[in-house]
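Open the model in your viewer and keep the sequence panel in sight. The stops below say what to select next and what is there.

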Amino acid sequence: MFDNFVWFTDEELNAAIKREVPSYTGTASDAGRMTDDIKHALQNLLQEHHIAGTVDYAPEQAGLNSNKQEHLF
């Protein structure tokens with residue numbers, strides 16, 4: 001889930017990630033460096049468009065039996 005990337009559509013964000021992380025399929029694996037690679041790709045997108053900001057990642061789970069959601073903001 002992308003939050004506070006008001007300058008881009010989800011399609012643009014996904015394309016920017018896929019450009020730098022070819023194994024990205026729309027979800028982030030908990031294993032390896034996937035979330036770091038996604039953060040880096042989005043940070044590069046901001047820099048390409050001269051947008052000041054820092055990308056951060058926060059996993060979130062509403063309760064014990066709910067699905068975990070990944071937030072990039």
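A residue is called buried here when its relative accessible area is under 20%, exposed when that area is over 50%, and partly exposed in between, with a 1.4 Å probe and protein chains only. This is a predicted model, in which local features need pLDDT of at least 70 and side-chain atom pairs count only at pLDDT 80 or more, while totals for chains, interfaces and linings use all residues. Residues are numbered from 1 along each chain as its sequence is written, and side-chain values use heavy atoms, with hydrogens and water left out.

**The whole chain**

Begin with the cartoon view. The chain has two helices and two strands, and from the N terminus on its elements run α-α-β-β. Helices (H or I, at least four residues) and strands (E, at least two) are DSSP runs, numbered from the N terminus. Of the 73 residues in the chain, 29% are buried.

Switch to the surface view. The accessible surface comes to about 5000 Å², and 50% of it belongs to carbon and sulfur atoms. Such areas come from the Shrake-Rupley method with a 1.4 Å probe; for residues, only the protein chains shown count as cover.

Contact means heavy atoms within 4.5 Å. Among contacts between residues at least 6 apart in sequence, 38% join residues at least 24 apart.

**Helix α1**

Select residues 10-20, which form helix α1. Which residues of this helix are buried? They are Leu13, Ala16 and Ile17. These three lie on the same side of α1 because they cover an arc of only 95° around the axis; the arc is that of the directions from the helix axis to the C-beta atoms. On the other side of α1, Glu11 and Arg19 are exposed.

Now add residues 34-48, helix α2, which is part of what covers the buried residues of α1.

**The nonpolar core**

Stay between the helices and show side chains. A nonpolar core is a set of buried Ala, Val, Leu, Ile, Met, Phe, Trp, Tyr and Cys residues joined through side-chain atoms within 4.5 Å. The largest one has 15 residues, of which Phe8, Leu13, Ile17, Ile38 and Leu42 touch the most other members. The elements that give two or more residues to this core are α1 and α2. Helix α2 gives the most, with six residues.

Centre the view on Leu13. Leaving out residues up to four places away in sequence, Leu13 touches Phe2, Phe5, Phe8, Leu42 and Leu45.

**The aromatic pair**

Select Trp7 and Phe8. The structure holds one aromatic pair. The ring centres of Trp7 and Phe8 are 6.5 Å apart and the planes stand at 65°, so the pair is edge-to-face. Rings of Phe, Tyr and Trp (its six-membered ring) pair if their centres lie within 6.5 Å; planes under 30 degrees apart count as stacked, over 60 as edge-to-face and the rest as tilted. Trp7 is partly exposed at 48% relative accessible area, whereas Phe8 is buried at 11%.

**The salt bridges**

Next, colour the charged side chains. A salt bridge is a side-chain nitrogen of Lys or Arg within 4 Å of a carboxyl oxygen of Asp or Glu. How many salt bridges does this rule give? The count comes to three.

- Select Glu48 and Arg19, whose side chains meet at 3.6 Å, N to O. This pair links distant parts of the chain, with Glu48 in helix α2 and Arg19 in helix α1, 29 residues apart. Glu48 is partly exposed at 45% relative accessibility, and Arg19 is exposed at 52%.
- Select Arg33 and Asp37, which form a salt bridge at 3.3 Å, N to O. Arg33 is exposed at 53% relative accessibility; Asp37 is partly exposed at 27%.
- Add Asp36, whose salt bridge with Arg33 has its closest N and O atoms 4.0 Å apart. Asp36 is partly exposed at 39% relative accessibility.

Arg33, Asp36 and Asp37 are thus linked in a network of salt bridges.

**Two single residues**

Select Thr35, which is in helix α2. Is Thr35 buried or exposed? Thr35 is buried, with a relative accessible area of 17%. Apart from neighbours within four places in sequence, Thr35 is in contact with Ala28, Ser29 and Tyr57.

Finish at His50, in the loop between α2 and β1 (57-61). His50 has a positive phi of about 55° although it is not a glycine. At 74% relative accessible area, His50 is exposed.
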